[in-house]
Amino acid sequence: MENSRKIVFCSMLIMMGIVFAESRNTVLHRVGGGRNSWAPNINFTEWSSHEQFYVGDWLYFGFDKQLYNVLEVNKTSYDNCIDEDFITNITRGGRDVFNLTEAKPFYFLSGRGYCSKGMKVAVYVYDFEPPLAAPLLVYNGYPRIICSQTIQYVLLAAALACSTLFKYI
């Protein structure tokens, strides 16, 4: 009875390790790259092209709220710098965040005429897909991929080794 508890405990630890290894921490993206970079004359298209946005990430907009604002808009409003009938006004205090909650394009602009001065950004959000676990081995000079069944055997062996260690601890 005691051994089966140890095996279950070790198996749970290994499985938790696998689950956490395939997840990622959310990222806070500072729009424009700086602390207060939601301003005219910044190339937000260039900035966003070097970022990778995933569901759960956050956008940080730092700006002077007396001059600028941040509006989430649709693609038509984004393309034509229309600041009416926006989806969400993100503006609160000039250091505002927005959670990217789904995989889709999000469009933001600053109203009051600043959109036409370049204050707009489009971000394309993706679901996070963990990398495939297929390590390569070289066998007689030829690469071989470890199949998932081999990985399962390794995990089973680790769980058994863990339970054996608990006998002597």
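**Exercises on a predicted structure**

Cys 81 and Cys 115 form a disulfide, with 2.1 Å between their sulfur atoms. The model is a predicted one, and the exercises below begin with this bond.

**Exercise 1. The disulfide**

Task: Determine how many disulfides the whole structure holds, which parts of the chain the bond links, and which hand it has.

Solution.
- Step 1. Two cysteine sulfur atoms count as a disulfide when they lie within 2.5 Å. The sulfur atoms of Cys 81 and Cys 115 are 2.1 Å apart, and a search of the whole structure finds one disulfide.
- Step 2. Cys 81 belongs to the loop between helix 3 (75–80) and strand 5 (88–89), while Cys 115 belongs to the loop between strand 7 (105–109) and strand 8 (120–126). The two are 34 residues apart, and the pair links distant parts of the chain.
- Step 3. The disulfide is left-handed, because the torsion about its S-S bond is about -65 degrees.
- Step 4. A residue is buried under 20% relative accessible area and exposed over 50%. Cys 81, at 26%, is therefore partly exposed, whereas Cys 115, at 5%, is buried.

**Exercise 2. The salt bridge in helix 3**

Task: Identify the residues that form the salt bridge, and state how they are placed in helix 3.

Solution.
- Step 1. Side chains of opposite charge can pair when their charged atoms come close.
- Step 2. The count of salt bridges comes to one. Its partners are Asp 79 and Lys 75, with an N to O distance of 3.1 Å, against a cut-off of 4 Å.
- Step 3. Asp 79 and Lys 75 are four residues apart in helix 3, which means that about one helical turn separates them.
- Step 4. Both partners are partly exposed: Asp 79 has a relative accessibility of 41%, and Lys 75 has one of 44%.

**Exercise 3. The open sheet and its surface patch**

Task: Describe the open sheet of three strands, and name the residues of the nonpolar surface patch.

Solution.
- Step 1. The strand order in this open sheet is 1-3-6, and the pairing is mixed. Strand 1 (28–30) and strand 6 (95–99) are the edge strands, each pairing on one side only. From one strand to the next, the twist averages 25 degrees.
- Step 2. Strand 3 (residues 58–62) runs antiparallel to strand 6, and five bridges join the two. Within this pairing, Trp 58 has Asn 99 of strand 6 as its bridge partner.
- Step 3. Leu 28, Trp 58 and Val 97 make a nonpolar surface patch of about 260 Å². Leu 28 is found in strand 1 and is partly exposed, at 45% relative accessibility.

**Exercise 4. Strand 7 and its neighbours**

Task: Establish which strands pair with strand 7, and whether strand 7 is largely enclosed or open.

Solution.
- Step 1. The protein chain has four helices and 10 strands. Of its 169 residues, 29% count as buried.
- Step 2. Strand 4 (residues 71–73) pairs with strand 7 in the antiparallel sense over three bridges; here Val 73 stands opposite Tyr 107.
- Step 3. Strand 8 also pairs with strand 7 in the antiparallel sense, over five bridges. In this pairing, Tyr 124 of strand 8 is the bridge partner of Pro 105.
- Step 4. Four of the five residues of strand 7 are buried, so strand 7 is largely enclosed by the rest of the structure.

Notes
Residues numbered from 1 in each chain as written. Predicted model: local features only at pLDDT ≥ 70, side-chain atom pairs only at ≥ 80, totals over all residues. Heavy atoms only, no water. Pairing = 2+ DSSP bridges. Axes fitted to C-alpha atoms, helices over the stretch in contact; angles between N-to-C directions. Buried < 20%, exposed > 50% of the residue type's maximum accessible area, 1.4 Å probe, protein only. Patch = residues over 30% accessible without salt bridge, like charges linked within 9 Å, V, L, I, M, F, W, Y side chains within 5 Å. Areas by Shrake-Rupley, 256 points an atom, 1.4 Å probe, with all protein chains shown as cover. Salt bridge = Lys/Arg side-chain N within 4 Å of Asp/Glu carboxyl O.
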